[in-house]
There are 2 protein chains.
Amino acid sequence: MKTTRKKVTIRDVAQQAGVSYGTVSRYLNGNNHVSKDASRRIAAAIRELEYTPNRAAQSLAQQRTLTVALIIQVESNETIVQASVSEAMTGANQTLGDAGYQMVTLIANSDESTERIAKLVRSDFADGYLLFSLSNDNLLANTFLNISRPVVRSEAGDRGDLPYPAVDFTNRDGQRDITRYLLDKDRADLVYVCGPGYSPSAVNRLEGFKQAMGERFNERQVYYADDWEITSGEMAAVEFQPMLNHINGFVCANDNIAVGVINQLTRFGYRVPDDIAVTGFDDSSMAILANPKLTTVRQDSILHGQTMAELLLKMMRGEQVEDHYIKLLPTSIVERQSA
Amino acid sequence: MKTTRKKVTIRDVAQQAGVSYGTVSRYLNGNNHVSKDASRRIAAAIRELEYTPNRAAQSLAQQRTLTVALIIQVESNETIVQASVSEAMTGANQTLGDAGYQMVTLIANSDESTERIAKLVRSDFADGYLLFSLSNDNLLANTFLNISRPVVRSEAGDRGDLPYPAVDFTNRDGQRDITRYLLDKDRADLVYVCGPGYSPSAVNRLEGFKQAMGERFNERQVYYADDWEITSGEMAAVEFQPMLNHINGFVCANDNIAVGVINQLTRFGYRVPDDIAVTGFDDSSMAILANPKLTTVRQDSILHGQTMAELLLKMMRGEQVEDHYIKLLPTSIVERQSA
DNA sequence: CTGTTAGCGCGTTCAT
DNA sequence: ATGAACGCGCTAACAG
């Protein structure tokens, strides 16, 4: 057993196998034909020497890196606790890995880190990019406009100037369906707690609520939150307090908000769902933690990641994808206790 | 404004500035002297051409990558929802970035991905490694034994054969202190819900409980959970059901478990903390979400990441760190409602 | 089928 | 202070 921890290169392998290193390279890249015999000897040499190709050299020669960067943009110094993102990462990592790509995730949470990442991108750091914009501004998005590598976004964006394809959920339909679910249960007097305005998802979900309500929709029955947090739900409930006696359902744009609403309603002395039903969206871990457990709209975040990765792989293979292409993933209603 | 999106190299810059590319290289790496005048012209050329050095070429020539890999090992297909990890990532990303390094996150959640990452490591993919082992086996750890790059671990490990320094929290002291906090409040009849046996943190925390209990400690007052999840807390409460009438406190190894205990105790008809007090550990987001809000042990995960990064930077600078060196970060008690 | 060689983009001597 | 040339480790195109 060799413990020589000195750069073992393709040349060492060649020498050990008694061939030229060009042959070794061919063997490794499997393109052309290498004699049965040579192959065997090369394989043995590689194993013995514990040879691993040098990544940097490979990229330099091949003009590709075999890595894909998953970039997460969050508000300054915010952390990425969001379970959905974590799950999407897992899904993407999975399929990219199967295709031989290594996924690396980059976090842009400050001006400096954003600039640093932009620089990386410009230096052809990866062969493709998965873009998770959790924040308002898209500083990075502009950087990508100038490069020729494929990019896939995680949200059907609002910015028409970004041609990148996206994978998203059927937010509108999901919200519409769960609203109908309430209506079908004779909960006719509903109010809606909308997500932050900068989020395309929030806009689409509100659209779904409107659709389900049809004629009955009224601007005064919607509360516009500033973020996706629990506190916003509490504030919404307070805002609607004067009307609480006839309201019999809160449709909320996500689980956190729903939890906030429930908390506040409980404090006011209302019972959920007996007096007032409450629905969430996301089916996050919060959904089963809440009391009562949340009836909500489920979206498969792992699938989200996988689908984004598949689309990116397709693009990296050179297949053309039309600008602004959007793939929508289905959602489904999960019936628990809150509605 | 040039829209030429063709590989602009150091040579282009040199030509535009009217110098040889050797000079540009020197200018970039700031080592030697470059004439005031040349510098100015080079700077202008770089800006105009939007030149960014090619990463692969740089690493190849310099034998370093200016990137640090943060590797997370989780059970197969598990997601990394853990807020503490997410926060540590943020902290590490911060300080590494300030030092000019780019942090990339790698997820090992299957045999294939683990092997792929091991390969990356062997190919000198990064200049240093931050290792988060959330799972039992340390397949990867062995890979590192054969390379000469610095490694820092996130947990004071149980494996004596791994010489890498680690940054961890004072788990033992934290658990001891919060146990004493209960004892001081005349909660003398305590039980302990221990974390999974493969986790060094779990072992240390149990140790702290024992220490605080002293003579009074009894093996029958501890429940050994298989994981860190809510369900385990519920199971523990069920297990202790026969003794619930005289027990007046549950000390739990983390917040999730504490939430589970509270849920189950509530179902059994006990009031928390009036009948039975419950404490958590981590001060995760769950702590304030729980009802009643959790009294728990706080640990600063962002600081955790920062400290790990600082230690790694030190090692990458060439400073020697003794084998098995362990840096312990303080914890503190957060008093809320559950105890 | 295989050896040879010219780059890939940049850092680094070595002269000048 | 600056230009020229070599090498980092590997791929690919070209002979043979």
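I count a pair of N or O atoms within 3.5 Å as a polar contact. The model I am reading is predicted.

**Strand D**

I started with the base contact. A polar side-chain atom of Arg26(B) sits 3.0 Å from a base nitrogen of DNA strand D. Next I looked up the phosphates. Tyr51(A) puts a polar side-chain atom 2.4 Å from a phosphate oxygen of this strand. Asn54(A) uses a backbone N or O atom instead, at 3.3 Å from a phosphate oxygen of DNA strand D.

Then I listed the surroundings. I found 27 residues around DNA strand D, with Ile10(A), Tyr51(A), Ser20(B), Thr23(B) and Ser35(B) the closest. Of the strand D atoms within 4 Å of the protein, 68% belong to sugar and phosphate. I sorted the residues by class: 11 nonpolar, 13 polar and 3 charged. H2(A) contributes the most, 5 residues.

**Strand C**

I repeated the search here. DNA strand C has 29 residues around it, and the closest are Thr23(A), Arg26(A), Ser35(A), Ile10(B) and Tyr51(B). Sugar and phosphate make up 63% of the strand C atoms within 4 Å of the protein.

I noted three backbone contacts. A polar backbone atom of Ala61(A) is 3.3 Å from a base oxygen of DNA strand C. Ala57(B) has a polar backbone atom 3.5 Å from a base nitrogen of the strand. A backbone N or O atom of Asn54(B) lies 3.1 Å from a phosphate oxygen of DNA strand C.

I checked the elements last. H2 and H4 of chain A and H2 and H4 of chain B each give two or more residues to the surface near DNA strand C. H2(B) has the largest share, 5 residues.

Methods. Residues are numbered from 1 along each chain as its sequence is written. Chains are lettered from A and ligands numbered from 1 in the order in which they are written. This is a predicted model: local features need pLDDT of at least 70, side-chain atom pairs count only at pLDDT 80 or more; totals for chains, interfaces and linings use all residues. Side-chain values use heavy atoms; hydrogens and water are left out. A residue is near a molecule or strand if one of its heavy atoms lies within 4 Å of it. A polar contact is a pair of N or O atoms within 3.5 Å; within protein, one must be able to donate a hydrogen and the other to accept it, and residues adjacent in sequence count only if both atoms are side-chain atoms. Helices (H or I, at least four residues) and strands (E, at least two) are DSSP runs, numbered from the N terminus. Ala, Val, Leu, Ile, Met, Phe, Trp, Tyr, Cys and Pro count as nonpolar, Asp, Glu, Lys and Arg as charged, and the others, Gly among them, as polar.
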